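Let's take a walk through this protein together. We'll begin with the overall build and then zoom in on a few charged pairs and one threonine.

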Amino acid sequence: MADLIELWQQLDGVVDWISVWDHLYEAPPNGGTTAHFEAVATLGALASVTTSARIGCLMFCVPFRNPALLAKACIAIDHISGGRFEPGFGAGWHKPEFSAHGYDFPSLAVRFDILGDGMEIISGMFAGGATTYSGEHSRVNEVTCVPGPANGSMPMWAGGRGPKRTPAIAARYCTGWNVPYVGPDEYVQLNQQIDRACDAIGRNPATLERSVNLAFHMGATRETADHELKRIVDQWGPEMAERVTAGALTGTTEDALEQIARYRDAGADMVNIALRLPVDDDALDSYLEQVVPAAYAAFG
């Protein structure tokens with residue numbers, strides 16, 4: 001945790017957004033042997049030791065928690081941060097962590113039904129007043145959320161590459177949509193799905209913020225950059241390596257800026273760089289000291 005806090009404070013004021021993910025086990029799977037903190041408690045720490053960056057969670061796995069309790073936790077994190085928290089919500093996908101912790105792992109359709117119930121409850125509680133809802137998987141009765149969001153409302157994010165239900169949830173409930181580890185060409189297609197989902201309910205697609213996660217595999221030199229490409233194969237295996245590489249920040253600083261520009265052209269309002277400790281300090285310094293200022297100068 002001390003290493004994480006040091007990293008967050010290094011990033012705060014340099015980057016716009018700091019997020020954690022909501023996994024109980026590492027991904028790719030390694031039998032639960034990689035050090036891992038639970039997201040809600042970790043976010044409380046993150047919110048308390050930073051002052052300027054937006055704070056996120058991409059994405060809370062709604063099947064892990066009672067959605068009303070999760071809404072209350074989000075409000076607490078939001079107030080700790082001074083109104084900087086923007087939670088994201090998803091259906092979950094990492095079966096090993098479900099099984100190990102005693103959660104059922106139903107079909108994807110059922111997990112999305114659980115997410116849908118959760119979004120109804122959470123959005124209602126964030127909006128204020130008393131919320132009553134009875135779904136197949138979750139229900140609340142005149143539940144209140146006092147205090148409410150620190151700024152009067154709570155931005156909500158949806159995430160994933162699904163063609164139907166993810167875009168529909170993003171368009172109906174959310175201020176933003178995020179997808180991890182896809183290439184620019186695929187990102188264009190996914191963005192079009194989001195646009196169509198907004199059009200279907202009469203929402204202006206421009207009102208939905210778009211972001212993408214890229215795995216951090218930069219190198220400060222060409223030699224270390226090549227080593228990072230090999231590390232992707234070692235981490236994910238040959239079958240997944242090609243897909244992960246397509247959605248990774250690779251090469252040196254010059255390469256990284258060109259990659260970010262392609263996502264900007266593809267419709268991304270924000271590019272999130274996914275760090276997994278430990279990281280190459282020289283590569284991270286190159287990113288923060290060279291790529292980030294150059295990106296601000298180029299894109300505003």
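What follows covers the whole chain, then its salt bridges, then a single loop residue.

**The whole chain**

Keep in mind that this is a predicted model. The protein chain has 11 helices and 10 strands. Its radius of gyration is 19 Å, close to the 19 Å that the globule rule gives for 300 residues, so the chain is as compact as a globular protein of that length. If you box in the C-alpha atoms along the principal axes, you get roughly 60 × 45 × 40 Å.

How much of the chain is buried? Buried residues account for 49% of the 300. As for the outside, the accessible surface is about 14000 Å², and carbon and sulfur atoms supply 52% of that. The contacts reach a long way along the sequence, too: take those between residues at least 6 apart, and 70% of them join residues at least 24 apart.

**Charges and salt bridges**

On the charge side, there are 21 positive and 37 negative side chains. The centres of these two sets sit 8 Å apart. Searching the whole structure turns up 11 salt bridges. Here are three of them, with the N to O distance for each.

| Salt bridge | N to O distance |
|---|---|
| Glu-38 and Arg-65 | 2.7 Å |
| Arg-165 and Asp-113 | 2.7 Å |
| Glu-228 and Arg-231 | 3.0 Å |

Start with the salt bridge between Glu-38 and Arg-65. Glu-38 is in the loop between strand S1 (17-20) and helix H2 (39-49), while Arg-65 is in the loop between strand S2 (54-61) and helix H3 (67-81), so the pair ties together parts that are 27 residues apart in sequence. Are the two partners buried or exposed? Glu-38 counts as partly exposed, with 31% relative accessibility. Arg-65, at 18%, is buried, because the cut-off for buried is under 20% relative accessible area. This pair also has company: Asp-22 joins Glu-38 and Arg-65 in a network of salt bridges.

Next up is the salt bridge that Arg-165 makes with Asp-113. This one links distant parts of the chain, with Arg-165 in helix H6 (residues 165-173) and Asp-113 in helix H5 (residues 108-127), 52 residues apart. Arg-165 is partly exposed at 36% relative accessibility, and Asp-113 counts as partly exposed at 29%.

The salt bridge between Glu-228 and Arg-231 sits within one helix. Both belong to helix H8 (residues 222-236), and being 3 residues apart there, they are separated by about one helical turn. Glu-228 is buried, at 8% relative accessibility, whereas Arg-231 comes in at 24% and counts as partly exposed.

**A closer look at Thr-252**

Where does Thr-252 sit? You'll find Thr-252 in the loop between strand S9 (248-251) and helix H10 (253-265). With a relative accessibility of 10%, Thr-252 counts as buried. So what does Thr-252 touch, leaving aside residues up to four places away in sequence? Its contacts are Met-218, Gly-219, Thr-221, Arg-222 and Ala-225. Helix H8, the one that holds Glu-228 and Arg-231, spans residues 222-236.

Definitions and conventions: Residues numbered from 1 in each chain as written. Predicted model: local features only at pLDDT ≥ 70, side-chain atom pairs only at ≥ 80, totals over all residues. Heavy atoms only, no water. Helix = DSSP H or I, 4+ residues; strand = E, 2+ residues; numbered from the N terminus. Buried < 20%, exposed > 50% of the residue type's maximum accessible area, 1.4 Å probe, protein only. Contact = heavy atoms within 4.5 Å. Rg over C-alpha atoms; globule rule 2.2 N^0.38 Å. Areas by Shrake-Rupley, 256 points an atom, 1.4 Å probe, with all protein chains shown as cover. Lys, Arg positive; Asp, Glu negative; His and termini not counted. Charge placed at Lys NZ, Arg CZ, Asp CG, Glu CD. Salt bridge = Lys/Arg side-chain N within 4 Å of Asp/Glu carboxyl O.
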